[in-house]
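This report examines the enclosed spaces, one pocket and the sheet of a single protein chain. The sequence and structure are shown first.

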Amino acid sequence: FHSGIYRTEKNKGTLYELTFKGDAKHQFKKIVLFRPFGPVMKVKNENVNMADTLINVIVPLAKRASKFQQFMQNFREMGIQQDGRIHLTVVYFGKEQMNEVKSILENTSKSANFKNFTFIQLNEEFSRGKGLDVGARFWKGNNVVLFFCDVDIYFTAEFLNSCRLNTQPGKKVFYPVLFSQYNPSIIYGHHDSIPSLEQQLIIKKETGFWRDFGFGMTCQYRSDFINIGGFDLDIKGWGGEDVHLYRKYLHSNLMVIRTPVRGLFHLWHEKQCLDELTPEQYKMCMQSKAMNEASHGQLGMLVFKQEIETHLHRQKLSSKKT
């Protein structure tokens, strides 16, 4: 068994899509069942071969060379070595740290014998929506699955197959709910005790949360993205462009698949909310920043740290007297 999703349609029933690994590598069997508020009915039983389904991972970037180095380690292991059916498009804004980023790309290309990448440089202010839009439209090959990604994302080879299985040109787009890490310095305490990145990728309520309010990481066919009109390029800077695209798909004839996935992580980093943002964008950014730090309970322990220490001190004094 690989994965399964279901949805309930009002006044009709529940539709189940179950995906199983096939007999050969890259082959899957998909079973669709429909339960019309009564006995289960088989709707479809088909073999799905994803061996030739390429994913174009599009990453908009400005500076952040060290983060890009970390991203490429993940991309090399999961995308190149384990999956292999992948292309990388980097849309770079400005020139600061550009040579470092290009060097990282070239070193990966040589060491992993990987040629499937595109580097696009724009001499303008960073705009996530503009970067993704330019990257998607630049593609000149056959219709391809686009995975809109950020440099602080970690994905597994299993997620890439979920990306393929939940998209279909003219029919389905995929909006996975990813797991977002809390601040490791708060979660694990002292810096010396922070485990390696791989050990941090654990889905527990103490280590992170499901980012069900985020719509930035998405898989869709290029043809659907072009037909829907792409991103709203009037939106500048951080936030808003992803929700706008998501709403356009909701009002289209395409099916939007929205479900948590275990193989997609947002790695913690300190969030900077710039003064240039609009009041609405700044508010969204600050809310996101607060939610990224720690759980409600963990933040409460930090806020009331002095009261807790005072209580412990009183307890020690009281025990000494007795």
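## The second largest cavity

Q181, Y182, P184, I187, Y188, Q200 and T207 line the second largest cavity of this predicted model. The space inside the second largest cavity amounts to about 40 Å³. Its lining residues divide by class into 4 nonpolar and 3 polar, with no charged residue.

## The largest cavity

At a threshold of 30 Å³ or more, the model contains 2 cavities. Rolling a probe the size of a water molecule over the atoms is what reveals such empty space. The largest cavity holds about 60 Å³, and the residues around it are S3, G4, I5, E17, T19, K30, L165 and N166. Two elements, β1 and β2, each give two or more residues to this lining, and β1 contributes the most, with 3 residues.

By class, the lining of the largest cavity has 2 nonpolar, 4 polar and 2 charged residues. In contrast, no charged residue is found in the lining of the second largest cavity.

## The sheet

β1 and β2, which help to line the largest cavity, belong to an open sheet of 4 strands in the order β1-β2-β3-β4, with antiparallel pairing. Why do β1 and β4 each have one side without a neighbour in the sheet? Strands β1 (3-9) and β4 (41-49) stand at the edges and have a single partner strand each, so one side of each remains without a neighbour. From one strand to the next, the twist averages 15 degrees.

In general, the strands of a sheet pair through backbone hydrogen bonds, in either a parallel or an antiparallel manner. Here, β1 pairs with β2 (residues 13-21) over 7 bridges in the antiparallel sense. G4 has L18 in β2 as its bridge partner, and G4 is also one of the residues lining the largest cavity.

## The two hairpins

The antiparallel pairing of β2 with β3 extends over 8 bridges, and T14 stands opposite R35 of β3. The hairpin formed by β2 and β3 has 5 residues between the strands, and H26 adopts a positive phi near 70 degrees.

β3 and β4 also run antiparallel and are joined by 8 bridges. In this pairing, K29 has N47 in β4 as its bridge partner. The hairpin of β3 and β4 has 5 residues between the strands, and F37 in the turn has a positive phi of about 50 degrees.

## The second largest pocket

Which elements each supply at least two residues of the lining of the second largest pocket? They are β2, β3 (27-35), β4 and α4 (157-165). The edge strand β4 provides the largest share of this lining, 4 residues. The lining also draws at least three residues from each of domain 1 (3-36) and domain 2 (55-266).

The second largest pocket encloses about 340 Å³ of space. It is lined by 19 residues, and those nearest its centre are K30, K44, E46, Q168 and K172. K30 also appears in the lining of the largest cavity. By class, the lining of the second largest pocket comprises 9 nonpolar, 3 polar and 7 charged residues.

Technical notes
Residues numbered from 1 in each chain as written. Predicted model: local features only at pLDDT ≥ 70, side-chain atom pairs only at ≥ 80, totals over all residues. Heavy atoms only, no water. Pairing = 2+ DSSP bridges. Axes fitted to C-alpha atoms, helices over the stretch in contact; angles between N-to-C directions. 1 Å grid on protein atoms, 1.4 Å probe; cavity = no way out; pocket = protein on both sides within 12 Å on 5 of 7 lines; lining within 4 Å. Points joined across faces, edges and corners; volume = space filled by probe spheres on them. Nonpolar A, V, L, I, M, F, W, Y, C, P; charged D, E, K, R; others polar. Domains from an automatic or database assignment.
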